[in-house]
Amino acid sequence: MEALFGYVATNRRSPKGKSHSAIPSKDGSASSAKTFLLDPRKSQNIAIVLKSLAVSQGEILDTLIDGKGLNADTLEKLARVSPTEEEQSLILQYKGDPARLAAAESFLFSILKAVPSAFKHLNAMLFRLNYNSEIQEIKESLQTIELGCNELKSKGLFLKLLEAVLKAGNRMNAGTARGNAQAFNLASLRKLSDVKSTNGRTTLLHFVVEEVVRLEGKRVALNRNGSLSSSSSRSSSNSNGNYENNIASNELVEREYVTLGLPIVGGISSELSNVKKAAQIDHNNLVGSISALSTQLVEIQQLVSSCGNGEGGNFVKEMDHFLGNAEEELK
């Protein structure tokens, strides 16, 4: 265990939080003994992460001071080894020889001595790198909602259906206080399928949709008939009522209306394509994500404000530029 993993398995941190040293080798040599301030397992995990990084400790320090230089993957790995406040205090209070510290403790000691708020710097830089992708998702959601609202407000087929519902409701409530309504609650739409006809064969929902289908088909038929009549005005005496003469009965006329109107009403899905997309957006998640970004920006602003005593370096300049743009964009 000592040879492969750098510490003795039985070495554990004492309840009082005092540091321990690894047991020296059999020959009595203490050259390989290292001091562990953290729990040995956590110390070892941190050491493994640090070993996987393709950057030196000096490059990490430069990044902390300059506010740039490391990619998101490296920043994420470093953020994962962030010690607790208690562990940071324990490391910063170490008065012994830094050379005797284990790999993880040695790294943390050097970093925190140089930049006490090192891991807040790392989190701020990681947030900045991920900000564009997160804000882009929010922008796309808001754009979808805006387009959906425009679809609902446009004078399209959906509005005709709502008008038909209002007229049907007023007709059924004629003679009562609710018989001349100018609007209705959207919750009423869910009740349309509960209102049955006297013969029990259809519902108010089906009736309204079928009437709109028929009227849309009639409008198409009249427009078509009008264009045919205008184009053949010279022989109007011979072709007067051409459309009706080609249909044997009123039943065929109504069937023709339905045939012409059904594709139009069936196209409401394409007319409300963005409404359907907007309906899939979780409102709470959207609001929460915007709130989370705002909170993180405030935390970074507080960090920048506290870095005025020589700790800031170019980090403050980099973050100030980012904060200015991000706060305005988020508003």
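Helices here are DSSP runs of H or I with at least four residues, numbered from the N terminus. In this predicted model, α3 is followed by G67, a residue with a positive phi near 80°.

Looking back along α3 itself, the residues I60, L61, T63 and L64 are buried. Viewed down the helix axis, the buried residues of α3 fall within an arc of 160°, so they line one face of the helix. The cover over these buried residues includes α4, α6, α7 and α16.

One of these partners, α16, can be followed in more detail. The axes of α3 and α16 come within 5 Å of each other and cross at roughly 55°; the two helices are therefore oblique to each other. On the α3 side the contact is made by L64, I65 and D66, and on the α16 side by N314, F315 and E318. By character, the residues of this contact divide into 3 nonpolar, 1 polar and 2 charged.

The setting for α3 is the largest nonpolar core, which has 48 residues; I60, L64, L78, I300, M319 and F322 are the ones that touch the most other members. Two or more residues come from each of α2 (40-52), α3 (57-66), α4 (72-80), α5 (85-92), α6 (103-114), α7 (118-153), α15 (283-305) and α16 (314-330). Of these contributors, α7 gives the most, with 10 residues.

It is worth pausing at I60. Beyond its neighbours within four places in sequence, I60 is in contact with L53, V55, L70, L78, F107 and I111. Apart from the core described above lies another, of 13 residues, including V165, V212, V213 and V265.

Terms used. Residues numbered from 1 in each chain as written. Predicted model: local features only at pLDDT ≥ 70, side-chain atom pairs only at ≥ 80, totals over all residues. Heavy atoms only, no water. Core = buried A, V, L, I, M, F, W, Y, C linked by side-chain atoms within 4.5 Å. Buried < 20%, exposed > 50% of the residue type's maximum accessible area, 1.4 Å probe, protein only. Contact = heavy atoms within 4.5 Å. Axes fitted to C-alpha atoms, helices over the stretch in contact; angles between N-to-C directions. Parallel < 35°, antiparallel > 145°, perpendicular 65-115°, else oblique. Nonpolar A, V, L, I, M, F, W, Y, C, P; charged D, E, K, R; others polar. Arc of directions from axis to C-beta.
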